Amino acid sequence: MGIIWFVGAGPGDPDLITVKGRGLLEQAGAILFAGSLVDQAATRFAPPGCEIRDSKDMTLEEMSAWLLDACARHATVVRLQTGDPGLYGALVEMTRPLDAAGVQWKVVPGVSSAMAAAAAAGETLTLPEVTQTVILTRVAGRTPMPAGEELEALAAHRSTLCIFLSITLLHEVQRALRSAGWSEDAPIVVVQKASWPGAEKIVRGTLADIKRRCQDEKIASQAMIIASPALGARDWADIARSKLYDPGFSHRFRKATLMQDDGTESATTEIPS
Ligand code: SAH
């Protein structure tokens, strides 16, 4: 019996898979990949003769059966998923039948599309004294939201929201943010196919106009919505500095530099943390 590896393929650019994930693809006897976003990585790195199957027309039961069958014949079997397998990846549903069959499985994390979207837009998800919290969420589609996790309730925190699986429900996102008191000019960025060479689209707007702007750009799938008070900070006149890089803040690897009143630096002195 081989091992079944649930590997995060990253957000789309085949170069964004981890070194470990790529190594597993290169030695895989069989790869079951999840739809159009990750087929390039699967086919680029798979060895000759590897069984490669797209799972888009399969049920969860069929996927588990396919993986079980493949691991009876191969030492390394890969289930390749978009982004990170632990986010909206049906991981538990797929691994429970494997546990029941006594088959060993492991997970290799991946770069989530939330991170890839922020990177594409050149945005930070956290900013000192603005927000220090990131919420990864979605709005209810066919999958209902558990009580207390309605977007309206999460938005009340005024932290960064990375909203998955919701681009066709932008009106719902707008309604929730408005009812949580976000202003009409609150910035929102939508990134479609983040990291995809030649296909990535970035749409910047506000709570008031983001839906229209996405319609104009014909964005209706594979998009990350980021709403955050930290968006656009690179153009602000002034920002609070991160304490980590503040010359007056000591940590394990650097002693603080004390600034004199005249603005010159004194000899380095350890400040107790
Ligand atoms: N496990 C994945 C998420 C899978 S759910 C991850 O960690 O990224 C699918 C949703 O992820 C899509 O509806 C979209 O909101 C988002 N998504 C996946 N890939 C994306 C990409 N390259 N660019 C923007 N959004 C993406």
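Reader: What makes Glu-123 and Arg-204 a salt bridge?

Author: Happy to walk through that one, keeping in mind that this is a predicted model. The closest side-chain N and O of Glu-123 and Arg-204 are 2.8 Å apart. A salt bridge needs such a nitrogen and carboxyl oxygen within 4 Å, so the pair with its 2.8 Å qualifies. The two residues sit in distant parts of the chain, 81 residues apart: Glu-123 is in the loop between helix 5 (113-121) and strand 6 (134-138), and Arg-204 is in strand 9 (residues 201-206).

Reader: Why is Glu-123 called buried?

Author: Its relative accessible area is 12%, and buried means under 20%, so the word fits Glu-123. Arg-204, at 38%, is called partly exposed, because that class runs between the 20% limit for buried and the 50% limit for exposed.

Reader: What makes Glu-51, Asp-69 and Arg-73 one network?

Author: Salt bridges that share partners join these three residues. Glu-51 meets Arg-73 at 2.5 Å, N to O, and Asp-69 meets Arg-73 at 2.7 Å. With a cut-off of 4 Å, both pairs therefore count.

Reader: How do you know which parts of the chain these two pairs connect?

Author: Glu-51 belongs to strand 3 (residues 51-54) and Arg-73 to helix 3 (residues 60-73), so that pair ties together parts 22 residues apart in sequence. Asp-69 and Arg-73, on the other hand, both lie in helix 3, four residues apart, which is about one turn of the helix.

Reader: Are those three residues buried, partly exposed or exposed?

Author: Glu-51 has a relative accessible area of 26%, Arg-73 has 45% and Asp-69 has 43%. Partly exposed covers the range between 20% and 50%, so that label applies to each of them.

Reader: Now the ligand. How do you know that it lies between domain 1 and domain 2?

Author: Domain 1 (3-108) and domain 2 (113-234) both give residues to the shell around the ligand, so the ligand lies between them. That shell has 18 residues, and Pro-11, Leu-87, Ser-113, Ala-194 and Ala-223 are the closest. By type, eleven are nonpolar, five polar and two charged.

Reader: What makes the approach of Ser-113 to the ligand a polar contact?

Author: An N or O atom in the side chain of Ser-113 is 2.7 Å from a ligand oxygen. The limit is 3.5 Å, so this pair passes. Ser-112 also has a polar side-chain atom 3.0 Å from a ligand oxygen, while Asp-84 uses a backbone N or O atom, 2.9 Å from a ligand nitrogen. The protein buries 91% of the 540 Å² that the ligand exposes when taken alone.

Note on methods
Residues numbered from 1 in each chain as written. Predicted model: local features only at pLDDT ≥ 70, side-chain atom pairs only at ≥ 80, totals over all residues. Heavy atoms only, no water. Near = heavy atom within 4 Å. Polar contact = N/O pair within 3.5 Å; in protein donor to acceptor, adjacent residues only side chain to side chain. Areas by Shrake-Rupley, 256 points an atom, 1.4 Å probe, with all protein chains shown as cover. Nonpolar A, V, L, I, M, F, W, Y, C, P; charged D, E, K, R; others polar. Domains from an automatic or database assignment. Buried < 20%, exposed > 50% of the residue type's maximum accessible area, 1.4 Å probe, protein only.
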